[in-house]
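Dear colleague,

I am handing over the structure below, and after it I set out what I found when going through it. Please read the notes with the structure open beside them.

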Amino acid sequence: MALTTRGGAAGGDPAKAPSASDPSLGFLTKRDTEVKLPRATRVKNKTPAPIQITAEQILREARERQEPEIRPPKQKITDSHELSDYRLRKRKEFEDVIRRVRWSVSAWVKYARWEEQQRDFARARSVYERALDVAHRDHTLWLKYAEFEMRNRFVNHARNVWDRAVSLLPRVDQLWYKYIHMEELLGAVANARQVFERWMSWRPDTAGWNSYIKFELRYGEVERARAIYERFVAEHPRPDTFIRYAKFEMKRGEVEWARRVYERAADLLTDDEDAEVLFVAFAEFEERCREVERARAIYKYALDRVPKGRAEELYRKFLAFEKQFGDREGIEDAIVGKRRFQYEDEVRKNPLNYDSWFDYIRLEESVGNKDRIREVYERAITNVPPAEEKRYWQRYIYLWINYALYEELDAQDIERTREVYKECLRLIPHKKFTFAKMWLMAAQFEIRQMNLTAARKILGNAIGIAPKGKIFKKYIEIDLYLGNFDRCRTLYEKYIEWSPANCYTWRKYAELEKNLSETDRARSIYELAIAQPALDTPEVLWKEYLQFEIDENEFERTRQLYETLLDRTKHLKVWISYAEFEASAGLGGEDSESEEKKNEVGYQEQQMERVQKCRAIFERAFDYFRTSAPELKEERAMLLEEWLNKEVSFGDLGDVSLVQKKAPRKVKRKRPIPTEDGSTIAYEEYIDYIFPDEVALAPNLKILEAAYKWKKQKTGDDDE
């Protein structure tokens, strides 16, 4: 039945047959070709087994079950024919290998060693010679060849090999060492010395010379060793070679010879980059010889000549030396000297690093040497910034300030201080920028010296060359302290002429006149100030002018000022301030007078007049915001709030209902937030104000008002 169904399915619709859908399968079906993966088994019991197997047990079992290594059987040779056959076969194998890898030194060495094991030395020698024809520049091949000759006690052959090797490769030290070692083993000291001389003619490095010296010392040839040292330091004039030579002499007890070596080195290698090591060794040598003064002189000589960047170890050793052998003054000098040289190195690398100069000057001031302090100051101020921009001069100018203060306070040299200030003011490019601090400090210095004329001259030059607000303020302060009011007026006029938009100057000038009871002059100054086309803080100036007129009880003038101000700006604060003025105008008298006024019949009338004037200002303001600026709804609401508070403060004379009829209603609304591309993807809530007059004008707002009343009524019914 299944066969019939399968056959019917295959023969009934050829288009659905698997072979028809994929011709590349031939007579196979996809079911025959698909890969069947084992089904993942689910672990049902996840509890740990009672016997746990460790990694060590797994490795041990793997080791035990490992099959033994298969080794070739051992071949036993019983007669000469088998031996000759074996040798022929092996030689053929070696020759085949050499033909394939002729350049491989290891193949040649294996071949030669096999011949050596067969005790056929001639053949082994022949193999080495053939190898040298291929790789005569390989020193390891020469070493193997010579060691072969030495192992088998062919001394002359070995000498011949070594001679050929060192002649071809004289720069390979290992060949020379092995050659000399062989001659020493044979007891041929003269031959070894001769080999050393041949080697020294090639001018080797220090290791070769040291081995030659040690060779001579092993056989007690001190004079020969000294002569070799002389040749050594001549060939390699370096601090380490001289130090080794001096230690050799010191070990032999020749102190004078050692000192002579150090002195030669000091004269010859002062400019060497490792001269620090030489001087430290020389000073330590003198310390061991108990020559403390000599050692100190060497340290000082070295510190004067060795570059500061390479003298760190020298400073450290000198400081330790002074702590051990010097007194308190010597130790302090050593510490200061070390820091001094560090600062010298810093300012030499970067002369425009003013922080390093400040630290250096502070160090010298702690020592107290006036000449050195002045020298460092003079060197520092010569490093003028390369660009005439104020940001580059801001640190540099403090060098001059500190210099002047040092000369005045510490050195107490008045003339020199005056010269410092004069030179600094001459150096500053005042046409591009200036430093008011320097002008003021120079003037204050002259005042401290009771030279008022010079101080005035300095400040006058400052105003004429590079006027700044700080200079004007200080100059005015000085003359005000001295009581020269006419000169103060002149300075204020100059200040205003230089900066007419500066409200601070106008206010201070008017304040001066007020303090001098010059009311008309103060009023004229205020009038000139508010007439300026541009001011930095006009609101402060207007506030002071209004307060000035109120203090003078000039209420009509104050009203005119308010009207003038309203012509310029209709700001909410101006309206509120005007209304508050009208509400409080005439209430600034003494308490006794106010009490008398309260008892009078006309007091109520005056109070009512003030209320009406205040209410009139509020009415004007409300009409302005309603008609001329209808978009400023929030300002109009704030105005009504202030008006309501003022009506409440009037008490019985106030009319709260007048303001409440005009009070708006707050409504929450949404407005779109535009994006950069102009599309609207979000909305924000804001508070809108609906005034009663707007409801009367807009029918839609009437509908909203009715809906609001209905909602309020419904909320009340629910509460009941």
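**Salt bridges**

A search of the whole structure, which is a predicted model, finds 56 salt bridges. Side chains of opposite charge can pair when their charged atoms come close, and several of these pairs can be followed one by one.

I would begin with Arg523, which takes part in two of them. Its side chain meets that of Asp520 in a salt bridge with an N to O distance of 3.5 Å, and both residues belong to helix α30 (residues 519–530), where they are three residues apart, or about one turn of the helix. The side chain of Arg523 also meets that of Glu549, here with 2.8 Å from N to O. This second pair links distant parts of the chain, since Glu549 sits in helix α31 (residues 538–551) and Arg523 in helix α30, with their positions 26 residues apart. As to their surroundings, Arg523 has a relative accessible area of 11% and is therefore buried, and Glu549, with a relative accessible area of 1%, is buried as well, whereas Asp520 counts as exposed because its relative accessibility is 58%.

Glu513 and Arg521 form a further salt bridge through their side chains, at 3.3 Å from N to O. Glu513 counts as buried, because its relative accessibility is 0%, while Arg521, at 35%, counts as partly exposed.

**The protein as a whole**

The protein has 39 helices and two strands. Of its 720 residues, 36% count as buried, and the surface that the protein exposes comes to about 45900 Å², of which carbon and sulfur atoms supply 51%. Among the contacts with a separation of 6 or more, 47% are accounted for by residues 24 or more positions apart.

**Two helices in detail**

Helix α18 (residues 312–325) has 14 residues and reaches 20 Å from its first C-alpha to its last, close to the 20 Å expected at 1.5 Å a residue. Its buried residues are Leu314, Tyr315, Phe318, Leu319, Phe321 and Glu322. They cover an arc of only 160° around the axis, so they lie on the same side of α18. On the face of α18 that is turned away from this buried side, one finds the exposed residues Glu312, Lys323 and Gln324.

Helix α6 (residues 105–117), with 13 residues, reaches 18 Å between its first and last C-alpha, again close to the expected 18 Å at 1.5 Å a residue. In α6 the buried residues are Val105, Ala107, Trp108, Val109, Tyr111, Ala112, Trp114, Glu115 and Glu116, and what covers them includes α5 (80–100), α7 (121–134) and α8 (139–151). After α6 comes Arg119, whose phi is positive, near 65°.

**Backbone angles in loops**

Most residues other than glycine have a negative phi, and most peptide bonds are trans. It may therefore be worth checking two further arginines against that background. Arg203, although not a glycine, has a positive phi of about 55°; it is found in the loop between α11 (189–200) and α12 (206–218), and it counts as exposed because its relative accessibility is 57%. Arg290 has a positive phi of about 65° and is likewise not a glycine; this residue lies in the loop between α16 (275–288) and α17 (292–305), where its relative accessible area of 70% makes it exposed.

**A surface patch and a pair distant in sequence**

Ile447, Leu452, Tyr481 and Leu482 make a nonpolar surface patch of about 400 Å². One of these, Leu482, is found in helix α27 (residues 469–482), and because its relative accessibility is 40% it counts as partly exposed.

Lastly, Gln604 and Leu653 are 49 residues apart in sequence, and their C-alpha atoms are 9.4 Å apart in space. Gln604 is found in helix α35 (residues 602–627), and its relative accessible area of 48% means that it is partly exposed.

With best regards

Methods
Residues numbered from 1 in each chain as written. Predicted model: local features only at pLDDT ≥ 70, side-chain atom pairs only at ≥ 80, totals over all residues. Heavy atoms only, no water. Helix = DSSP H or I, 4+ residues; strand = E, 2+ residues; numbered from the N terminus. Buried < 20%, exposed > 50% of the residue type's maximum accessible area, 1.4 Å probe, protein only. Contact = heavy atoms within 4.5 Å. Areas by Shrake-Rupley, 256 points an atom, 1.4 Å probe, with all protein chains shown as cover. Expected span 1.5 Å × (residues − 1). Arc of directions from axis to C-beta. Patch = residues over 30% accessible without salt bridge, like charges linked within 9 Å, V, L, I, M, F, W, Y side chains within 5 Å. Salt bridge = Lys/Arg side-chain N within 4 Å of Asp/Glu carboxyl O.
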